[in-house]
Amino acid sequence: IATRDLFWALSAALALDPAGSMGGSVVPKLEHAIGARVQAAQTWHRVRELFELHLGGAPLVAPASVADVVSDELRPTLDRFYRGSDRNAGDRIKLFKLIWEAVGSEFAGRHALYERNYSGNFEQMRLDALTFAQRLGSARDMEALVDECLADYDTEGWVDDTWR
């Protein structure tokens, strides 16, 4: 849920907090775009991991085909072992099939590789983030914050009496 909220916030920032551009047009702010670029490349792998950890092998043991689900002979067994607290067996099987397609199938493997590499290689994306932060001045602001924090204490303890 938090990951979903983070990406909705990034999407809102990209759309609603733009930078001015040529001819009075607007474009997403570079810092928002870089944040989205780096996060997107690493987040899908975390999403897959969460599904794998929380569902275990459940998506692996779904019936092989719809023929199993509609079989008069197998349906009572499926209803018994796939029932849930708020879903019937058919709905749960559909959900497991969907999850498998998203995180375990051949398609999912290709998609994961695509997500990891779409925006460029791992090191370059981070170097770009640093380069743009330096160009925009935000790296200087971050260094100033660290210096300000470090100036609050020394080897004897807090320098400012406020903190003693």
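Author: A nonpolar core is a set of buried Ala, Val, Leu, Ile, Met, Phe, Trp, Tyr and Cys residues joined through side-chain atoms within 4.5 Å, where buried means under 20% relative accessible area (1.4 Å probe, protein chains only). The model is predicted, so local features need pLDDT of at least 70 and side-chain atom pairs pLDDT 80 or more, while totals for chains, interfaces and linings use all residues. Residues are numbered from 1 along each chain as its sequence is written, and side-chain values use heavy atoms, without hydrogens and water.

Reader: Which helix gives the largest share of the largest nonpolar core?

Author: The largest nonpolar core has eight residues: Ala58, Ala62, Val69, Leu78, Tyr82, Ala89, Ile93 and Phe96. Three of them come from one helix (a DSSP run of H or I, at least four residues, numbered from the N terminus). That helix, spanning residues 89-103, is H5.

Reader: Which residues does Ala62 touch, not counting those up to four places away in sequence?

Author: Ala62 is one of the core residues. With contact taken as heavy atoms within 4.5 Å, Ala62 touches Tyr82, Phe96 and Lys97.

Reader: How are H1 and H2 oriented to each other?

Author: Helix H1 covers residues 2-16 and helix H2 residues 30-55, with axes (lines fitted to C-alpha atoms over the stretch in contact) 10 Å apart. The angle between them is about 150°, on a scale from 0 to 180 degrees between N-to-C directions. Angles over 145 degrees count as roughly antiparallel. H1 and H2 are therefore roughly antiparallel.

Reader: How many charged residues are in the contact of H1 with H2?

Author: H1 contributes Thr3, Leu6, Phe7, Leu10, Ala13 and Leu14, and H2 residues in the contact include His32, Gly35 and Gln39. Asp, Glu, Lys and Arg count as charged; Ala, Val, Leu, Ile, Met, Phe, Trp, Tyr, Cys and Pro as nonpolar; the others, Gly among them, as polar. By these classes the contact has eight nonpolar and five polar residues, and its number of charged residues is none.

Reader: How many charged residues are in the contact of H2 with H6?

Author: H2 and helix H6 (residues 106-117) pack at about 150°, with axes 7 Å apart. Ala40, Ala41, Trp44, His45 and Arg48 in H2 meet Ala108, His111, Ala112, Glu115 and Arg116 in H6. Five residues of this contact are nonpolar and two are polar, and the number of charged ones is three.

Reader: How far apart in space are Phe132 and Ile34, C-alpha to C-alpha?

Author: Phe132 lies in helix H7, residues 122-136, and touches Leu30 and Ile34. Phe132 and Ile34 are 98 residues apart in sequence, and their C-alpha separation is 8.4 Å.

Definitions and conventions. Helix = DSSP H or I, 4+ residues; strand = E, 2+ residues; numbered from the N terminus. Parallel < 35°, antiparallel > 145°, perpendicular 65-115°, else oblique. Buried < 20%, exposed > 50% of the residue type's maximum accessible area, 1.4 Å probe, protein only.
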